[in-house]
Amino acid sequence: MPPVILPEECKRCGQCVEVCPSDVFFGSLKGGIPEVTYPDECWHCNACVDACPHKGAIRLRIPLPLMVIYKG
Amino acid sequence: MRMGAFREKRIDTDVLCVGGGIAGLMAAIRAAECHARVLIVEKGNVLYSGSGGLGNDHFMCYMPEVHGNDIELQVMEFQRGQQGGIRDRSFIRRWLERSFDIVKLWDSWGIPMKYEGKYEFAGHALPGELLTHLHYAGKNQKKVLTEQALKKGAQIINRTMCHNLLYDEEGVCGAIAINTKEDELLEIRCGSVVLGTGSVMRLYPASTPGWMFNTRLSPTCVGDGRAMAYRSGVELASMEIPLIRCGPKYFSRAGKATWAGVLRDPAGKPVGPFVDRPDNKYGDPVVDVYQDIFIDYKKSGKGPVYMDCGGLSDEELQYMLHWLRNEGNESFLDSLEADRIDIRKNPIEFWTYENELFPRGGIYYNEDGKTSVEGIYAAGDEFFGGISGAAVFGWIAGEGAAGYSKTRGGGESKRPTTQFEENASLFTSLRNRENGATWKEANILLQQIMGDYAGLIRSETLLNAGLAALLRLKEKAHETLAARNPHELMRCLEVLNMIDIGEIIFQAARERKETRGKHIRVDYPFTNPLLDKLLVVKKTEGGPAFQWRSLKR
């Protein structure tokens with residue numbers, strides 16, 4: 001679901017938990033790998049990806065209903 | 001009732017900024033400069049919250065050396081447009097007058113307002129028209145403004161939602177809020193308030209069924225400010241007139257102006273009269289003036305319509321992507337890349353977000369950022385204005401609020417016990433209820449009712465039936481909503497706010513017995529020139545009181 005965290009890359013700093021505008025990580029424990037408690041409240045705004053100090057540890061998976069329609 | 005469920009905390013300040021978006025941060029910075037104690041209360045985190053959270057790239061600005069010394073010409077021009085048409089001349093003039101100062105200020109703080117060393121205007125205009133939107137690299141704007149606010153001494157509390165303003169015999173004296181991180185109830189005492197909670201996003205159905213956070217602007221902006229202002233007797237205006245916007249399908253995202261491509265039909269023919277090749281300066285302005293084009297193409301059998309960026313040179317493409325990224329479209333562009341969609345080879349379908357209505361109006365603040373109630377100020381998308389409006393009027397409101405708070409006792413008065421207990425008891429009942437309805441159930445039903453009965457087809461009978469249904473929802477929501485934790489409590493309170501806003505929309509839509517813009521009264525198809533006025537509404541003991549007010553043009 002929306003933000004995807006790679007447990008082996010995550011430094012457990014909690015930056016994504018801190019900044020998410022929708023608080024999708026609500027209830028995540030300090031010092032642990034963040035949990036996506038409310039995935040369908042994600043706006044896919046990229047705040048968590050932008051704030052993560054370790055590039056690649058978190059990414060967004062865009063859900064199918066948001067598929068971009070294009071030609072060709 | 002377990003009143004012990006909440007820890008309580010009291011905070012005293014002079015100026016309370018509700019919402020830490022562009023308007024709230026600008027208000028806080030200015031109020032702190034004016035030697036007021038300032039508190040920003042933000043539902044999310046000020047670093048990324050609001051509709052400017054991930055950036056913006058257009059700032060409406062009047063620069064005499066670009067636009068000429070006659071500001072009145074610009075005021076007139078602006079008032080002819082969709083944004084300016086519902087504002088008094090004095091308001092537009094103040095906005096234009098102050099815009100360049102704010103641009104210079106932002107630039108000095110480290111938000112790049114120039115491109116390659118000079119001011120560059122582009123977008124939101126028809127070819128040949130004077131450009132009034134400054135291209136700027138706003139990706140870091142929230143970080144910069146947050147730094148400034150902290151540097152000037154403002155205090156920021158994130159993850160905190162204000163639900164109602166509090167009063168004493170002198171007027172507004174504070175607010176009651178919940179902190180969802182600490183699970184605390186806050187009693188905030190202040191001398192004045194600046195409301196800056198943004199637009200209203202989750203009131204009408206989203207463009208994607210079942211995915212209600214797929215909204216054009218931030219889905220956490222749901223009209224908390226309008227709702228608490230209305231409950232406090234503040235005047236709202238133009239709530240009955242909905243707006244719709246267009247953009248990429250199905251990933252809802254604001255920001256058409258930066259796309260440089262041409263909108264074309266499936267055979268490749270441009271759908272608008274303005275451009276036939278990509279243009280980084282104007283884009284394809286057809287959607288600025290004709291939001292329904294995608295609906296009309298679909299209905300006439302000629303759709304769909306595509307944003308075709310074919311023909312952009314490498315350099316032009318990089319230029320466009322630079323602005324799109326600064327506008328907060330990172331995740332959208334990354335998703336195209338991940339799906340190997342090449343925007344020069346694969347035209348992207350655009351459409352009208354026709355379900356996603358939002359009220360054009362809101363809290364009617366004037367050119368001093370004042371609302372109709374002393375001590376309560378508002379700015380930004382509490383009415384409308386985009387980033388430039390939020391920045392300029394946030395600044396002005398902050399200054400006014402700082403001045404006003406000095407005339408007050410400074411938050412030392414007695415607690416308004418009844419109001420406080422009423423709010424606390426609502427929160428407690430939501431938290432303590434078992435097996436109740438979720439906020440999501442209530443939000444979905446609200447969206448259904450708004451879309452079906454106060455959507456793009458309106459009539460007396462539909463509006464009456466819809467209002468009756470909405471009032472039933474309101475009653476059920478108050479009786480059955482349940483929150484398992486403070487996060488869900490916040491969502492429940494958001495829904496209760498949206499229900500209040502929905503009620504105002506129904507009432508105001510019944511009052512405007514004509515068709516105007518997207519307020520389409522099929523029983524009154526005529527646009528009555530005599531009703532080219534603002535419909536102002538205020539809560540009174542006997543229900544909503546309406547007033548028609550002329551605009552000074």
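**A note on chains A and B**

1. A good place to start is Ile5(A), which touches Cys10(A), Ile33(A), Pro34(A), Ala57(A) and Ile58(A), leaving aside residues up to four places away in sequence. Please keep in mind that this is a predicted model.

2. Where does Ile5(A) lie? Ile5(A) belongs to strand E1 of chain A, residues 3-5. Its C-alpha is 9.0 Å from that of Val36(A), although the two are 31 residues apart in sequence.

3. Ile5(A) counts as partly exposed because 19 C-beta neighbours lie inside 10 Å, and a residue is buried if 20 or more other C-beta atoms lie within that distance.

4. Moving on to how the chains meet: 25 residues of chain A are in contact with 35 residues of chain B. The chain A side of this contact comprises 15 nonpolar, 5 polar and 5 charged residues.

5. Chain B holds an open sheet of 4 strands, ordered E18-E11-E20-E21 and paired in the antiparallel sense. Strands E18 (362-363) and E21 (543-549) of chain B are at the edges; each has a single partner strand, so one side of each has no neighbour in the sheet.

6. Within this sheet, strand E11 (residues 236-237) of chain B pairs antiparallel with strand E20 (residues 534-540) of chain B over 2 bridges. Which residue stands opposite Leu236(B) in E20(B)? That residue is Val537(B).

7. Finally, have a look at helix H15 of chain B, residues 486-511, which lies across E11, E20 and E21 of chain B. Helix H15 of chain B runs at about 130 degrees to E20(B).

Key. Residues numbered from 1 in each chain as written. Chains lettered and ligands numbered in written order. Predicted model: local features only at pLDDT ≥ 70, side-chain atom pairs only at ≥ 80, totals over all residues. Contact = placed C-beta atoms within 7 Å. Nonpolar A, V, L, I, M, F, W, Y, C, P; charged D, E, K, R; others polar. Pairing = 2+ DSSP bridges. Axes fitted to C-alpha atoms, helices over the stretch in contact; angles between N-to-C directions. Buried ≥ 20, exposed ≤ 12 C-beta atoms within 10 Å, placed from the backbone.
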